[in-house]
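Student: I'd like a close look at the salt bridges in this model, please. Take me through the partners, how covered they are, and whatever else sits alongside them.

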Amino acid sequence: MISCHIKKTYHSKKKAFHLNINVKFKSNCINVLFGTSGSGKTSVLRLLSGLDTPDSGKITHNHSVWFNEAKKEALKPSERNIAYVFQDNALFPNMSVLKNIQFASKEENKTLLNNLISTLELRHLLHQKPNELSGGQKQRVALARALVQQPDLLLLDEPFAAIDETLRTKLQSYLKTLQQKYQFTIIMVSHNLQEVLSIAQHVVILNYGEVIDQGNPKILVRANPKNTLKATVLHIDASTVTVLLATQQINIHISKITTNSFSVGDIVEVSL
Amino acid sequence: MIDYTPLLLTFKLAISTTILLFFLAIPLCYWLAFTRSKTKPFIETLVSMPLVLPPTVLGFYFLLFLSPNTVVGHWLEHVLGIKLLFSFKGLVVTSILYSLPFMVQPIQAGLSSLPKSYLETGMLMGKSKLSILTHILLPNIKPSIITAIVLSFAHTIGEFGVVLMIGGNIPGKTKVASIAIYNEVEALNYANANFYAMVLLIVSFLVLLSVYILNHGYLKKHRS
């Protein structure tokens, strides 16, 4: 269990963004941080990894304290046994695929290395450089490089955002297989509702820097009407309103209410 | 009869300065590229000063600073036994400071242009700063490194004011090619002056040409 009760204010030129996170991520499962752009998902990953430092609060992983502002304790990022796959993959362009993976390995573990190369179908790519790979191939290499570190926690920042639907489904399946095989915790950022429903075992919904709900993804969608997310109205007809929620277009049947109170382009709140 | 010593001394000075400056500048470039310290603009200004200052101003203050009458000059000469004024060592030290921006600015710009995620991925892997620098960061800014090395080398070849102020004009010790040209012109010996000048001109052209060819080749390879 990763328990995270932290506050952090990010200052930009225009305004301050307040992050107030109280959440528990489940161990050995796929947790998904879901929310609209700018809701603070990536910031949570950076705070968990230790790349950013919270202003206050506490982060614990099982019985280990990663951060405790009250006691001035803060484990270095390298001491948390975390692997982080950034949005841009951060594959090192000067190294081949094999070198990228080997460089990340803390100890020589040829069995793990071979297993990852086989599972992620990388054998034919081993001597290629990152700039010779497609988007999906880069994602697979980034996953292998992260997992060869044998992390307790794998952080994935929108890993499948720039990939087409077919490849995304395949990569999700790789991720599930590897998670079940090696039993580690995943916290993945996504603003794709379909992705959350297909991969998440535990979902945390963020909105404007705060956790508005968490739990089983299906329960969240079907049984928690109190949670609302901001969406843009795209189209209105007699019985349906189409809204843009994050990157998803959703049709909402509105037979019981009138549509006079809002029009196309308005920002509305949608209950899940 | 042409004396080749000034040319040899010039290349010896340029090579020594470039090698030492490269290793001294790397930690400074790393700090400047990634620090959030409020002192960064102050340090950057100091590093860039030789770009705008007349070389004689820099040479004059080095001359005062390293004189045996100052605390530093006295300590260097009497405690460490190092005499920097009017010596080749002194030329190397002042050349390093004078060429500092030519080495620092391209490398700093190269490091700053890399995605921050390279550095952070290395940190999360538990790699040391030295390992991140030598395995991840520097190999990915080769064009910047080549530019920095060649510019520092070429700039040192062309030094005149600072060298004259600190080194004087001692044959075989501090009389480099740029000063030899000045001497030959003063003596109305244009043939010799032309020889030194032509060698410097050709070498400068060739080193700069090599930068453009190498960087063009690198970019072409990495864009394909």
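Tutor: Searching the whole structure turns up five salt bridges over all chains, each being a side-chain nitrogen of Lys or Arg within 4 Å of a carboxyl oxygen of Asp or Glu. Bear in mind that this is a predicted model, where local features need pLDDT of at least 70 and side-chain atom pairs count only at pLDDT 80 or more, while totals for chains, interfaces and linings use all residues. Residues are numbered from 1 along each chain as written, chains are lettered from A and ligands numbered from 1 in written order, and side-chain values use heavy atoms, without hydrogens or water.

Let's start in chain A with A:Arg46 and A:Asp52, whose closest N and O atoms are 3.1 Å apart. Is A:Arg46 buried or exposed? A:Arg46 is buried at 15% relative accessible area, and A:Asp52 is buried too, at 13%. Here buried means under 20% relative accessible area, exposed over 50%, and partly exposed in between (1.4 Å probe, protein chains only).

The cover over A:Arg46 fits its setting. A:Arg46 is one of the buried residues of helix 1 of chain A, along with A:Lys41, A:Ser43, A:Val44, A:Leu45, A:Leu47, A:Leu48 and A:Ser49. Helices here are DSSP runs (H or I, at least four residues; strands are E, at least two), numbered from the N terminus. Because eight of the nine residues of helix 1 (residues 41-49) are buried, that helix is largely enclosed by the rest of the structure. Just past its end, A:Gly50 takes a positive phi of about 95 degrees.

Now hop over to chain B. B:Lys116 and B:Glu120 meet through their side chains in a salt bridge, at 3.9 Å from N to O. Why are they about one helical turn apart? Because they are four residues apart in helix 6 (residues 116-124) of chain B. Their cover is another matter: B:Lys116 is partly exposed at 43% relative accessibility, whereas B:Glu120 is buried at 5%. These four side chains belong together, since salt bridges with shared partners join A:Arg46, A:Asp52, B:Lys116 and B:Glu120 into one network.

Back in chain A, A:Lys72 pairs with A:Glu69, with 3.5 Å between the closest N and O atoms. A:Lys72 is exposed, at 69% relative accessible area, and A:Glu69 counts as partly exposed at 30%. Compare that with A:Arg46, which is buried, and A:Asp52, which is buried as well.

As for other links between side chains, you may be wondering about the cysteines. How many disulfides does the structure hold over all chains? Zero, taking a disulfide as a pair of cysteine sulfur atoms within 2.5 Å. A:Cys4 is in no disulfide, and its nearest cysteine sulfur, on A:Cys29, is 15 Å away. Turn it around and A:Cys29 is likewise in no disulfide, with the sulfur of A:Cys4 as its nearest, 15 Å off. As for cover, A:Cys4 is buried with 0% relative accessibility, and A:Cys29 is buried with 8%.

So if you keep one picture, make it the network, because A:Arg46 contributes to it from a helix that is largely enclosed.
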